[in-house]
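User: I have a structure here and would like to go through some of the labels used for it. Could you take me through the reasoning behind them?

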There are 2 protein chains.
Amino acid sequence: MGDVAAGEGARAPNEAQTSRDSPPRSGRSAQTPFATLPRPAYRPARMFQLLKTDSTTKARLGRLTTAHGVVDTPAYMPVGTQATVKALDPRELREIGTQIILGNTYHLSIRPGMDIIRAAGGLHRFMAWDGPILTDSGGFQVFSLAKIRKIKAHGVEFRSHLDGSLLFLGPKEAMDIQRTLGSDIAMVFDECPPHDAPAKELHAAVHRTIRWAGECREQPRADGQRVFGIVQGGSNAAMREECAKAITALDFDGYAIGGVSVGEPEPEMMRAVEVTEPHLPADKARYAMGLGTPAQLVELVSRGVDMFDCVLPTRVARTGTAYTSKGAIVIKGGAFKADFSPIEAGCECFACRHFTRAYLRHLMNVGEILGGRMLSVHNSHMFLKLMANIRAAIADGSFAAFKEEFIRGYVPSRRILSQRAK
Amino acid sequence: MGDVAAGEGARAPNEAQTSRDSPPRSGRSAQTPFATLPRPAYRPARMFQLLKTDSTTKARLGRLTTAHGVVDTPAYMPVGTQATVKALDPRELREIGTQIILGNTYHLSIRPGMDIIRAAGGLHRFMAWDGPILTDSGGFQVFSLAKIRKIKAHGVEFRSHLDGSLLFLGPKEAMDIQRTLGSDIAMVFDECPPHDAPAKELHAAVHRTIRWAGECREQPRADGQRVFGIVQGGSNAAMREECAKAITALDFDGYAIGGVSVGEPEPEMMRAVEVTEPHLPADKARYAMGLGTPAQLVELVSRGVDMFDCVLPTRVARTGTAYTSKGAIVIKGGAFKADFSPIEAGCECFACRHFTRAYLRHLMNVGEILGGRMLSVHNSHMFLKLMANIRAAIADGSFAAFKEEFIRGYVPSRRILSQRAK
C-alpha cells in the first residue's frame with residue numbers, strides 16, 4: 001500500500017468544533033464531520049481518580065481522564081472491532097451514553113491497514129468517533145483466530161485468518177500499530193493461552209507476557225496515549241500473583257485481567273479475577289477483558305473491576321435476542337408476534353421509545369436490517385444503563401442491595417437460550 | 001391467527017404529540033413512540049392542488065394533502081416493502097426530507113399478516129411512521145413474484161412466493177387489506193402483463209384492469225383514505241388511451257401509469273408515459289409506478305409525472321453503490337480506499353456530514369452494516385433532494401435549464417456499472 005502517503009487527503013484537524021447530535025443548522029458547515037474535531041489539549045498528570053470504594057463489597061467508583069474525554073467507571077465499552085460498533089452510528093453511540101469504545105489492532109491492521117488509518121489521521125477521524133478509544137494489542141486474536149502460528153522471541157508469526165498471508169505481531173509491532181491508530185488507551189501485547197493449557201505452557205505464556213510487557217513499555221506512544229499492562233495466569237493463583245507483581249512493577253497506567261472469557265467455566269473465571277485483584281494497585285483502573293453477561297458484570301464490579309468490553313449486546317441483537325433487566329428474551333420468537341409493548345417498560349433507548357416487540361419481531365422474522373439495528377441500540381444501551389445504575393448505587397452506598405436485587409431478578413441467558421432450543 | 005383480537009394490546013392513540021427528531025428531554029415521556037401520534041382530523045375536499053405548470057415542458061408543481069400530512073410534488077416515495085424502508089429508521093427518513101413512503105399489500109398481507117396490523121392499529125402505528133403512506137394493491141407482485149397463478153373473474157388465485165400456500169387476491173381483497181393497513185393512498189388492484197405480451201393478452205389485461213378498477217371504486221375505505229386508479233396498456237398508444245379514458249371516467253383521487261419498469265427498454269417506457277399523460281386530467285396527481293434512475297425521474301417530470309417510487313436507492317446501497325448528481329459511483333471499489341472526501345461534496349446528508357468515501361469503502365469491504373446503512377441514507381437523500389431541486393426549478397421557471405444541465409452532467413448508471421465489470 002505504498003501508494004498512500006502519510007497524511008495524504010486527510011482532513012485539516014483545525015476545523016471548528018460542531019455538535020455531534022444535531023441535524024444541520026443554518027450558519028453551520030454541512031461538511032464538518034465528527035472526524036475533524038480538534039484533539040483536546042488537556043493532559044492530566046493522573047489518569048485514574050478513585051472517587052469511592054464500596055463499604056461492603058470491593059466495588060469502586062472512579063473516573064478515567066483521557067485525551068478524548070472522561071470515562072466514568074465502572075464502565076462498559078461497546079466493541080468496534082472493524083472501526084464500527086456493529087450496526088450503530090456515532091450519534092446512536094452518544095445517545096445511549098457511550099463514553100469509550102474498543103477497537104482491534106489485529107483486525108484493523110489487516111483491513112483497512114495502517115496506510116489508510118495514517119492517511120485518515122488516526123482511528124478517531126477515520127471512524128468519526130471523537131470520544132475515547134481503547135485498542136487491544138492483537139494478542140488475543142493471534143492466539144484465537146490465526147490457525148497457524150509460531151511463537152518467537154519477539155512476537156508471533158501467523159497466517160491471516162482472511163487470506164492466509166504471513167504476518168508478524170509482537171510488542172514492537174502491536175505498539176506501533178496502536179500508535180498509528182492513535183487510541184487513548186493502548187494494551188500491551190500478551191500471550192493468551194487456552195484456559196485448559198497445561199501448567200508448563202501456562203508458565204511459559206506468563207513469562208513471555210511479562211517480558212513482552214517490558215518491551216511494550218519502551219515503545220514510543222501517540223500523543224497523550226496511555227498504556228495498560230495485562231495479567232495472565234489462567235485460574236492458577238500463584239501464577240496470577242507472580243504475573244500481577246511483575247506487571248505492576250512496570251508501572252502501567254492501568255491493568256487488565258486477561259485470559260478470562262476464553263471458554264472456561266464461570267466459577268473459574270470469577271476465581272481468576274478474585275486471585276488477581278488483590279495484587280493490583282488501588283489507584284489504577286482494572287479492566288476485565290472480553291466480559292461478560294449483565295449478571296457477570298455486576299458480580300465483577302463487586303470484585304473490584306472498573307472496565308469491561310463485550311460483544312454480546314450487538315452479537316445477540318443480530319440473531320434476535322434482547323437483554324432486559326430480568327434476563328435475555330428471544331424477540332424473534334412467535335410469543336411476541338402480537339406484543340405491542342416496548343422491549344422493556346421504562347427503557348429510554350430509541351428502540352423502546354419508538355417500536356414494539358411485535359414490530360421488532362416482524363423485522364427479525366423477515367430479515368430486515370432495522371431489526372438488528374434496533375436490538376443493537378437497545379442491548380448496548382441496556383449494558384451502559386446498567387453501569388450507570390451501578391455507579392449511582394456505589395455513590396449512594398446501596399450497591400450491595402442493588403447487586404442482590406439485580407442478581408435475584410435476572411434469569412441467566414443460558415436458561416433463556418436453552419428454552420429457545422426446545 | 002385468530003388468537004389476536006382487533007385492537008388488543010395496541011397503544012392508546014391519544015397520547016401527547018412529541019418531537020420525532022430529538023433525544024429524550026426531561027419533562028417528556030420516554031415511552032411515547034412515533035406510533036402513538038394522533039391522526040390529524042383535517043380532511044380537505046380536494047386532494048391535489050396544481051400550483052404551477054412549466055411553460056416549456058409538461059413539468060408540474062403541486063401539493064397533495066393526505067390524512068397524515070402534505071406532500072410536495074414532484075415527489076419521490078422511498079419504498080418500505082415490509083413495513084420498513086430498508087436499513088433506515090423513521091428519524092433518518094424525516095431528516096433526509098421524506099414526505100411519503102410506500103408500503104406493499106402483497107408482502108404485508110403475508111408477513112406480518114393483517115391480524116397483527118389490525119391489532120397494532122394500522123400500518124402507521126405498527127412501523128412508527130406518522131407521515132403519509134401510499135400502498136400498492138399487490139397486483140404487480142401477484143403478476144411478477146407468484147409463479148403459479150390462475151386469473152379468475154374477481155381476482156387471482158396464486159401460491160405464496162414464500163411457502164407455496166394458496167392465496168387469492170382481487171379488487172375486494174386488495175382494498176380490504178389496504179383498508180386494514182390504513183394507508184393514506186390506496187391503489188386499485190390491476191393486472192400488469194409482461195412488456196412483451198401479445199396484443200390479445202394485453203387487451204384482456206386492460207379490460208380486466210378497467211373492470212377491477214370499477215369494483216375497487218365500490219369497496220369501503222379507511223377513514224380519510226384516497227384511491228388512485230391505474231392505467232395499463234403497455235406501449236400500445238390506442239390501448240393506453242382506451243384504458244386512461246375508462247379509468248378516469250371512474251373519477252379516482254389520482255392516476256398511476258402502471259406496466260412501466262417491467263423490463264421494457266427505456267424508450268418504450270418513455271413512450272408509454274407520453275401516450276398516457278394527455279388522457280389524464282390536469283387537476284389530479286399522476287404517478288409513474290416503480291421508476292426510476294435519477295435521469296429518468298428528471299425526464300418523466302418533464303413529461304408531466306408528479307409521483308415516483310423506486311427501490312434503487314436502498315437496493316444499490318446494499319451492494320456498495322452511491323448516487324451522485326454526476327452519476328452512480330461504486331464506493332466499494334478500491335479506487336476510493338484512500339479518498340477522504342465525502343460521497344458528494346456539498347451534500348447535507350448524515351453520511352456526507354460525518355463519513356468519508358474511504359471509511360464507507362472499508363465498511364462495505366468488511367461487510368459492516370453501517371456501510372449499507374449510510375449509503376441508503378445518502379442515496380435516498382439524493383433522490384429526495386433531486387425532487388426538491390426540481391420543485392425549486394419549476395417554481396422559479398428554470399426547470400428546462402435545470403433538466404438540460406442535469407442530464408448533460410449525469411453519467412447513466414449503465415456505464416458506471418459496466419465499468420465495474422471490467
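**Reasoning behind the labels**

Analyst: Happy to. G292(A) sits in the loop of chain A that runs between β13 (285-288) and α10 (294-301). Please keep in mind that this is a predicted model.

User: What kind of peptide bond leads from L291(A) to G292(A), and how do you know?

Analyst: The bond from L291(A) to G292(A) is cis, as its omega is near 0°.

User: Which residues in chain B are joined by a cis peptide bond, and where do they lie?

Analyst: R111(B) and P112(B) are joined that way, with an omega of about 10°. P112(B) belongs to the loop between α2 (105-110) and α3 (114-120) of chain B.

User: What makes A83(A) worth a remark?

Analyst: A83(A) has a phi near 70°, which is a positive value in a residue other than glycine. You will find A83(A) in the loop between β4 (75-77) and α1 (90-95) of chain A.

User: Let's turn to the helices. Why is α9(B) called roughly parallel to α10(B)?

Analyst: The two helices pack at an angle of about 30°, with their axes 11 Å apart. Angles under 35 degrees count as roughly parallel, and therefore α9(B) is roughly parallel to α10(B). Their crossing is right-handed.

User: Which residues make that contact between α9(B) and α10(B)?

Analyst: From α9(B) come E266(B), M269(B), M270(B) and V273(B), while α10(B) brings Q296(B), E299(B) and L300(B). By class, the contact of α9(B) with α10(B) has four nonpolar residues, one polar and two charged.

User: And why is α10(B) described as roughly antiparallel to α15(B)?

Analyst: Here the axes of α10(B) and α15(B), the helix of residues 399-409, cross at roughly 155° and come within 10 Å. An angle over 145 degrees counts as roughly antiparallel, so α10(B) is roughly antiparallel to α15(B). The crossing of α10(B) past α15(B) is left-handed.

User: What is the contact of α10(B) with α15(B) made of?

Analyst: On the α10(B) side there are P294(B), A295(B), V298(B), E299(B) and V301(B), and on the α15(B) side F399(B), K403(B), F406(B) and I407(B). Sorted by class, that contact has seven nonpolar, no polar and two charged residues.

User: What makes α13(B) oblique to α14(B)?

Analyst: The axes of α13(B) (residues 357-365) and α14(B) (residues 369-395) cross at roughly 130° and come within 7 Å. The roughly perpendicular range is 65 to 115 degrees, and roughly antiparallel needs an angle over 145. The angle of roughly 130° fits neither range, so α13(B) is oblique to α14(B). α13(B) passes α14(B) in a left-handed crossing.

User: Which residues of α13(B) and α14(B) meet?

Analyst: Y359(B), L360(B), L363(B) and M364(B) of α13(B) meet L370(B), G371(B), G372(B), M374(B) and L375(B) of α14(B). This contact of α13(B) with α14(B) holds seven nonpolar, two polar and no charged residues. Gly counts as polar, which is why G371(B) and G372(B) fall in that class.

User: How do you know which residues Q219(B) touches?

Analyst: Contact means heavy atoms within 4.5 Å. Leaving aside residues up to four places away in sequence, Q219(B) touches P171(B), K172(B) and M175(B). Q219(B) itself is in the loop between α7 (199-217) and β12 (226-231) of chain B. Q219(B) and R179(B) are 40 residues apart in sequence, and their C-alpha atoms are 9.3 Å apart in space.

User: Now the pockets. What volume does the largest pocket have, and which residues are closest to its centre?

Analyst: The largest pocket has a volume of about 900 Å³. It is lined by 45 residues, with F140(B), S261(B), G290(B), D309(B) and V311(B) the closest to its centre. A residue counts as lining if it has an atom within 4 Å of a pocket point. α5(B) gives the most to this lining, with four residues. By class, the lining of the largest pocket has 17 nonpolar, 20 polar and eight charged residues.

User: And what lines the second largest pocket?

Analyst: The second largest pocket, of about 750 Å³, is lined by 33 residues, and nearest its centre lie N104(A), F140(A), Q141(A), D309(A) and V311(A). α5(A) gives the most to that lining, with four residues.

Methods:
Residues numbered from 1 in each chain as written. Chains lettered and ligands numbered in written order. Predicted model: local features only at pLDDT ≥ 70, side-chain atom pairs only at ≥ 80, totals over all residues. Heavy atoms only, no water. 1 Å grid on protein atoms, 1.4 Å probe; cavity = no way out; pocket = protein on both sides within 12 Å on 5 of 7 lines; lining within 4 Å. Points joined across faces, edges and corners; volume = space filled by probe spheres on them. Axes fitted to C-alpha atoms, helices over the stretch in contact; angles between N-to-C directions. Left-handed = near helix turned anticlockwise from the far one by under 90°.
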